[in-house]
Amino acid sequence: MTQIGLFIADLHPTAPGDEEPANAEPNALPPETEPSASGPKLKLSSSDINPPGIQRHVVEHIMKNEEGVVYQRLRAFSGRLPRPNHESDYETWRTGVDLMMSDPSVSDLQRSRRIVESLLPPAADVVKHLRFDTMPAEYLDTLDSAYGTVQDGDELFAKFMDTVQDAGEKASAYLQRLQVALNSALKRGGVIESDINRHLLNQFCRGCWDNTLIAELQLKQKKTQPPPFAQLLLLLRTEEDREAAKTVRMKQHLGPARQKC
């Protein structure tokens, strides 16, 4: 047996320092802290990899997402006159509600809750008699009766046709004001949706006092195929930014020349 053991040792020589202690158990695993060529091995628990605080935050986020409370809150509306600076007017508030109503991931109960949460007195008092499980459409019907426009579509479209650019108003701001007025007429049936772009461009060319801008962008030539609101707004803002940058360069160039004179 001794000769057999020596023969096996010759076949598998042991490097210096690798001798196992005499009391070592066969097939024993090395300790976790034994150094290796790549450094000491650290034993990490599941709590080290995923701390409880992070786990709780993730769970709360998932729960909130399922409940729908992570969506952006509606702007506050009270119906007070004059309107406070931090509040929106009814048409702006109503537009935000319409966007929420078109989101299929928001339930009717969540919609009603978000509508109520955005209201301040006296608007909140108008719907105070409604139950908590009232459908959002009933909330909106009640609020429309109290704060919505009472003008019909034809009157709103005539108002749109009389809207012109104010003194000092940027062309892009004027276009946005036209868009709001035209959308109001559309909601009340004063104009059909397929004619929106045509009416918007025509009225902008009529009511904008900057003829140089209209000629530069060749807007009158676009009347046969009017661009949508977003594209037209981008054209105006790009041109306004270009003119503003040119004005700054001119002031920087002419400023020192005037001082020398």
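The dialogue below walks through some features of a predicted model, from the overall fold to single residues.

Me: Where should I begin, and how many helices and strands does the protein have?

Reply: A plain way to begin is with the list of elements and their order along the chain. This protein has 12 helices and two strands, and from the N terminus on the elements run α-β-β-α-α-α-α-α-α-α-α-α-α-α. Of its 261 residues, 26% count as buried. Among contacts between residues at least 6 apart in sequence, 57% join residues at least 24 apart.

Me: Which residues lie nearest the centre of the largest pocket?

Reply: A pocket can be read through its volume and through the residues that line it. Here the largest pocket holds about 310 Å³ of space, and of the 16 residues in its lining, Asp 210, Leu 213, Glu 239, Glu 240 and Glu 243 lie nearest the centre. The elements that each give two or more residues to this lining are helix 9 (171–187), helix 11 (211–216) and helix 12 (229–260), and the largest share, six residues, comes from helix 12.

Me: How many residues of the lining are nonpolar, polar or charged?

Reply: Sorted by class, the lining of the largest pocket has nine charged residues, three polar ones and four nonpolar ones.

Me: How many disulfides does the structure hold?

Reply: The general idea is that a disulfide is a covalent bond between the sulfur atoms of two cysteines. In this structure there are zero disulfides. Cys 205 is in no disulfide, and the nearest cysteine sulfur to its own, that of Cys 208, is 8.0 Å away; a pair counts as a disulfide when the sulfur atoms are within 2.5 Å, so these two are not joined. Cys 208 is likewise in no disulfide, with the sulfur of Cys 205 as its nearest cysteine sulfur.

Me: Are these two cysteines buried or exposed?

Reply: The value to look at is the relative accessible area, and a residue under 20% counts as buried. Cys 205 is buried because its relative accessibility is 11%, and Cys 208 is buried because its value is 2%.

Me: What does Arg 111 touch, and where is it placed?

Reply: For a single residue, one can take its element, then its burial, then its partners. Arg 111 sits in helix 5 (residues 108–118) and is buried, with a relative accessible area of 11%. Its side chain makes a polar contact with the side chain of Asp 108, at 3.0 Å. Leaving out residues up to four places away in sequence, Arg 111 touches Met 100, Met 101, Asp 103, Pro 104, Val 106 and Pro 136.

Me: Where does Thr 134 lie, and which residues is it in contact with?

Reply: The steps are those just used for the arginine. Thr 134 lies in the loop between helix 6 (123–126) and helix 7 (136–147), and with a relative accessible area of 10% it is buried. A polar atom of the Thr 134 side chain lies 2.8 Å from the backbone oxygen of Arg 131. Beyond neighbours within four places in sequence, Thr 134 is in contact with Ser 112 and Tyr 139. Thr 134 and Asp 108 are 26 residues apart in sequence, while their C-alpha atoms are 8.8 Å apart in space.

Me: What is the relative accessible area of Lys 187, and what does this residue touch?

Reply: Lys 187, in helix 9, is partly exposed, with a relative accessible area of 47%. Not counting residues up to four places away in sequence, Lys 187 touches Glu 91, Thr 95 and Asp 98. Lys 187 and Leu 156 are 31 residues apart in sequence and 9.7 Å apart in space, C-alpha to C-alpha.

Methods:
Residues numbered from 1 in each chain as written. Predicted model: local features only at pLDDT ≥ 70, side-chain atom pairs only at ≥ 80, totals over all residues. Heavy atoms only, no water. 1 Å grid on protein atoms, 1.4 Å probe; cavity = no way out; pocket = protein on both sides within 12 Å on 5 of 7 lines; lining within 4 Å. Points joined across faces, edges and corners; volume = space filled by probe spheres on them. Helix = DSSP H or I, 4+ residues; strand = E, 2+ residues; numbered from the N terminus. Nonpolar A, V, L, I, M, F, W, Y, C, P; charged D, E, K, R; others polar. Buried < 20%, exposed > 50% of the residue type's maximum accessible area, 1.4 Å probe, protein only. Contact = heavy atoms within 4.5 Å. Polar contact = N/O pair within 3.5 Å; in protein donor to acceptor, adjacent residues only side chain to side chain.
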